[in-house]
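Visitor: I have a model open and want to go through its pockets and its ligand. Can you take me through them?

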Amino acid sequence: MKLNERGLLVVLSGPSGVGKGTVRKALFKTEKQKFTFSVSMTTREKRPGEVEGKDYYFVSREYFEKKIQEGGFLEYTYFCGNYYGTPLDKVEEALNSGKELILEIEVNGCRQVKEKMMDAVTIFIVPPTKETLYERLKKRGTESQYQIEERIKKANSEFGLAYQYDYIVVNDTVDNAADRIKAIIRAEHAKTQRSIYKYYEIVGDLENDNQ
Ligand code: 5GP
């Protein structure tokens, strides 16, 4: 029996445009074997370059609403005119495999996850300055002016919710942010409350060996 067999559920959250996706990709580059990404389902239009089943499962509004009725999401939200949700089926499977499951979702969804899974590790990613966020959203060039303004409005309300998270990570550079998240995950695994039961099983075995 080893300590820490079950993977962590790690929620990366924060305003749109803060660089969650880029930081997540940097994490996966070095720790690919240890991490699984929870691919969300959405009713939003596919952006150029996005891949079905890799970035998102792109579905119709009817399909999404049917899945809500069936209880098929760990969490879901309606964000700037579209549904986004975490399909439930893959979650337990991934955690039982011992890999860390990374969710990349907005603040509403994060709150729902924490309510259902108290041991989820929630990380709020923030830009070094508010201006950086606006510049990134504009530079990305994937949204119309109206959509950018919607997302900025949303970001302003999301900034106030950072206190609900377990950790705040500044995305000053992608590598720095990824390193901070790796350190958080390592520390979380070492927490006594997470490993004490398995530890006692090991100690119990040792006691028997000594008799
Ligand atoms: P985007 O349209 O830019 O891909 O995503 C918009 C927002 O929805 C981002 O903040 C993104 O992290 C969030 N998001 C993506 N997937 C999910 C999901 O499954 N659940 C929730 N609650 N938010 C999501």
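Visitor: How much space lies in the largest pocket?
Guide: About 930 Å³. Bear in mind that this is a predicted model.

Visitor: How many residues line the largest pocket, and which lie nearest its centre?
Guide: The lining has 38 residues. Nearest the centre are Gly21, Arg47, Tyr56, Glu104 and Arg140.

Visitor: And which elements give two or more residues to that lining?
Guide: Two strands, β5 and β6, and three helices, α1 (20–31), α5 (130–140) and α6 (145–159).

Visitor: Which gives the most to the lining of the largest pocket?
Guide: α5, with six residues.

Visitor: How do the residues of that lining divide by class?
Guide: There are 16 charged, 13 polar and nine nonpolar residues in the lining of the largest pocket.

Visitor: On to the ligand. Which pocket does the ligand take up?
Guide: The space it takes is the largest pocket, the one just described.

Visitor: Which elements give two or more residues to the shell around the ligand?
Guide: β5 (73–79) and β6 (82–87).

Visitor: How many residues surround the ligand, and which are the closest?
Guide: 17 residues surround it, and the closest are Ser40, Arg44, Tyr56, Tyr84 and Glu106.

Visitor: What about the classes in the shell around the ligand?
Guide: Eight charged, five polar and four nonpolar residues.

Visitor: Let's get to the atoms. What lies 2.6 Å from an oxygen atom of the ligand?
Guide: A polar side-chain atom of Arg44 does. Tyr84 also has a side-chain N or O atom 2.6 Å from an oxygen atom of the ligand.

Visitor: And Glu106, which kind of ligand atom does its side chain pair with?
Guide: A nitrogen atom, 2.7 Å from an N or O atom in the Glu106 side chain.

Visitor: How much of the ligand does the protein bury?
Guide: 95% of the 510 Å² that the ligand exposes when taken alone.

Visitor: Change of topic. How much space lies in the second largest pocket?
Guide: About 250 Å³.

Visitor: What lines the second largest pocket?
Guide: Arg24, Lys25, Phe28, Lys29, Lys32, Phe37, Val39, Gly53, Lys54 and Asp55. By class, that lining has six charged, three nonpolar and one polar residue.

Visitor: Which element gives the most to the second largest pocket's lining?
Guide: α1, with four residues. α1 is also among the elements that give two or more residues to the lining of the largest pocket.

Note on methods. Residues numbered from 1 in each chain as written. Predicted model: local features only at pLDDT ≥ 70, side-chain atom pairs only at ≥ 80, totals over all residues. Heavy atoms only, no water. Near = heavy atom within 4 Å. Polar contact = N/O pair within 3.5 Å; in protein donor to acceptor, adjacent residues only side chain to side chain. Areas by Shrake-Rupley, 256 points an atom, 1.4 Å probe, with all protein chains shown as cover. 1 Å grid on protein atoms, 1.4 Å probe; cavity = no way out; pocket = protein on both sides within 12 Å on 5 of 7 lines; lining within 4 Å. Sits in = over half its atoms within 2 Å of the grid points. Nonpolar A, V, L, I, M, F, W, Y, C, P; charged D, E, K, R; others polar. Points joined across faces, edges and corners; volume = space filled by probe spheres on them.
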